[in-house]
Amino acid sequence: MSSSTLTRLTRLTLVALASANLLVTAHAQNTSPTPATPVAIRTLGTPDFAQIVQRYGPAVVNISVSGTRLITADSKDSDTSAKGADSEDPTQLFLRKFQEQFGATGASMQIPVSGRASGFIVSADGLVLTNAHVIAHASEVTVKLTDRREFKAKVLGSDNKTDVAVLKIDAKNLPTVAIGQPGDLNVGEWVLAIGSPFGLDNTVTTGVVSAKSRTLPDDYTVPFIQTDAAINPGNSGGPLFNARGEVVGINSQIYTRSGGYQGLSFAIPIDLAQSVARQIVATGHASHGVLGVSVQEVTQALADAFKLPRPAGALISEVRADTAAAKAGLQAGDVIAGIDGHAILASSDLPLWVAMALPGQQMQIDVLRNGKAMQVRATLEDTATAKPAPHGVPNVPVLSQLGLAVRPLLPVEQRAAEARHGLMIEGVQPEADKAGIAPGDILLAINQVPVTSVEQARALLAQAKGSVALLVQHGAEKNYIAIPLKPGA
C-alpha cells in the first residue's frame, strides 16, 4: 500500500476511490436511442433529525480514558502503528535512535496515555458499548452523561477481533438507545452519528449509507457499514442511527490523508456488536467460530470457468488441515453459496456469519462443486484452539523478502490466465505496492526462473542478493518489475 493506510479513528490512512459509469443502451434496430420509461420514486423527505437527537441523544455518552502503555524500540504499538511512514510514533523514533546510538537492545519505556471517545447506553442499569481500541491501554475509564453526571466505569471485557468493548457504570433508570437491523439498511438511506470528535462533546453529523458489507484489509471478520457522515477522531465508539432513530452500527474507522474526515467512515454492524457484547457480559470475553478456509471473490471470469449462473458466493482458495472445513469435506475450488439459510453473495458475507457463530456450533453450508449443488455440515472451532493461520493476509503464505502474500494458482485460474505456473498475489506491503504490484497479479518468475511453488520461490529468494527481477502478470499484460529485497527478512 501507499504511505497512508486504513486505521482506527486515531491514525492516518489513504483510500483509492472507484468511479461508476452509467451506460445508456438503445435497441440495435432503432436509429435513435429510446428513452427509458420513468420509474416512480418514493419521496419520503428528510428525517426529523432533531427529534432523533432529542429522544436518543441522552443515551450517548462521552468517554475519557487514562493509563500507560509500553513502548519499545524493537516493535510498534498496535494502536499507533500504521503502514505509512508519516504515522510513525515519535516515541518509537526516539527509542530507536537511542538504541542505535548506545547499542541498547529492547529499549522500552512506559508512557502515559489519555484520550476521549464516545459510547452509548444499551441497558437502563448501565451497560455501555464502545470500541475496544478506545480502552486498550486504560487503567481508568470515566463515562459522562449529557446531564453532566460522571461515573467511573468498569471494563467488563473487549474483543480486538471486532473492536467491541463493554463498560458498566453504577447507575439505574438510564436512558437507552433503540436497536435496529443493519440488514434492513439500503445504500442511500439517511444516517446520523453522535459523538465527541476532537473532544467536542455530543456533536451531531448526518449523511447517507455509502456501501454495505465493506471488508477492510485489517478487519477481515467485520462487514462494515460505509457512510459519508462526518466522523473524526473522538467519534470512536459512538452510535450510527438510521432514519427511524435506531442504532445500526458503532462508528469505528475512517479513511483519511489528513487525520480528519474525508467522506469515508465505517461502522461495525450492531447485530455483530451485540453478539460479541452478550458473550462479554456472560463470560468476560468473546469467542468466535473458525471454519478454516481462505476465500476470494467470484469474478465473472471465474463464474464462467466454474459454469456458475452468476458471479456470486465465496470461492474457497485454501482449506487448512485439521480444521472444521477439512473435517466437513470442503475443498479448494468449492463455492460457498449459503450458510444456515443465509445467502452468501460476496466473499465478505462469509466471515460475518462465521464470526457471529459460537465455537462448537454446527452450520449447514450450501456449496457449488463442479457446478453441482450440495450441502455439508461443519462444526466450528474456537479461535483460542484453532491452528493459527500464517501471518499477513489471512491464511496466505508470505514471501517476507518481497512483502508479498501469495498462494498457488487454482486450476481454473491457470486456465483463465493461460498460465502453466505461477503464484497468485493476495496481498502486498508498501514496498511492493510502490513498485506497481497489486493483489490479483500473478508472480510468474523470479530472476527469469519460472515459479512453481511457494517453497521454490523462497529458495530462489534465499539465493538472491540486493534486488530481484519479478515477472508479473496483470490481466493479460506481463511485465518485469525490479524490487529490492528486504534485509534480514
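# Briefing: fold, salt bridges, aromatic pairs and backbone

The protein chain has 9 helices and 29 strands. The model is predicted. Of its 489 residues, 49% count as buried. The points below cover the overall chain, then charged pairs, aromatic rings and two backbone angles.

**Overall chain**

- Contacts between residues at least 6 apart in sequence often reach far: 61% of them join residues at least 24 apart.
- The exposed area of the protein chain is about 23,900 Å². Carbon and sulfur atoms supply 53% of that area.

**Salt bridges**

- The count of salt bridges comes to 7. Three of them are described here, among them Lys144 with Asp201.
- Lys144 and Asp201 have their closest N and O atoms 3.9 Å apart. The pair links distant parts of the chain, 57 residues apart. Lys144 belongs to strand S5 (residues 138-144), while Asp201 sits in the loop between strand S9 (190-195) and strand S10 (203-216).
- Lys144 has 26% relative accessibility and counts as partly exposed. Asp201, at 28%, is also partly exposed.
- Arg116 joins Lys144 and Asp201 in a network of salt bridges.
- Arg369 and Asp334 meet through their side chains in a salt bridge, with 2.7 Å from N to O. Here the linked parts are 35 residues apart. Arg369 is in strand S20 (residues 362-369). Asp334 is in the loop between helix H5 (324-328) and strand S18 (335-339).
- Both partners of that bridge are buried: Arg369 has a relative accessible area of 19%, and Asp334 has 1% relative accessibility. Arg369 counts as buried because its 19% falls under the 20% cut-off.
- Glu426 and Arg407 form a salt bridge with the closest N and O atoms 2.5 Å apart. Glu426 lies in strand S25 (residues 423-428) and Arg407 in strand S24 (residues 404-408), so the bridge ties together parts 19 residues apart in sequence. Arg407 is buried, with a relative accessible area of 4%.

**Aromatic pairs**

- The count of aromatic pairs comes to 4. One of them is Tyr255 with Phe266.
- This pair is edge-to-face, with 5.3 Å centre to centre and 80° between the planes. It is classed that way because 80° is over the 60 degrees cut-off.
- Tyr255 lies in the loop between strand S13 (246-254) and strand S14 (265-269), and Phe266 lies in strand S14 itself. The two residues are 11 apart in sequence.
- Both rings belong to buried residues: Tyr255 has 12% relative accessibility, and Phe266 has a relative accessible area of 2%.
- Phe224 joins Tyr255 and Phe266 in one aromatic cluster.

**Backbone angles**

- Most residues other than glycine have a negative phi. Two asparagines with a positive phi follow, Asn173 and Asn370.
- Asn173 has a phi near 55°. This residue lies in the loop between strand S7 (164-168) and strand S8 (178-179). At 73% relative accessibility, Asn173 is exposed.
- Asn370 also has a phi near 55°. Its loop runs between S20 and strand S21 (372-379). Asn370 is exposed, with a relative accessible area of 70%.
- Strand S20 thus has two entries in this briefing: Arg369 lies in the strand, and Asn370 lies in the loop between S20 and S21.

Terms used:
Residues are numbered from 1 along each chain as its sequence is written. Side-chain values use heavy atoms; hydrogens and water are left out. Helices (H or I, at least four residues) and strands (E, at least two) are DSSP runs, numbered from the N terminus. Buried means under 20% relative accessible area, exposed over 50%, partly exposed in between (1.4 Å probe, protein chains only). Contact means heavy atoms within 4.5 Å. Accessible areas come from the Shrake-Rupley method with a 1.4 Å probe; for residues, only the protein chains shown count as cover. A salt bridge is a side-chain nitrogen of Lys or Arg within 4 Å of a carboxyl oxygen of Asp or Glu. Rings of Phe, Tyr and Trp (its six-membered ring) pair if their centres lie within 6.5 Å; planes under 30 degrees apart count as stacked, over 60 as edge-to-face and the rest as tilted.
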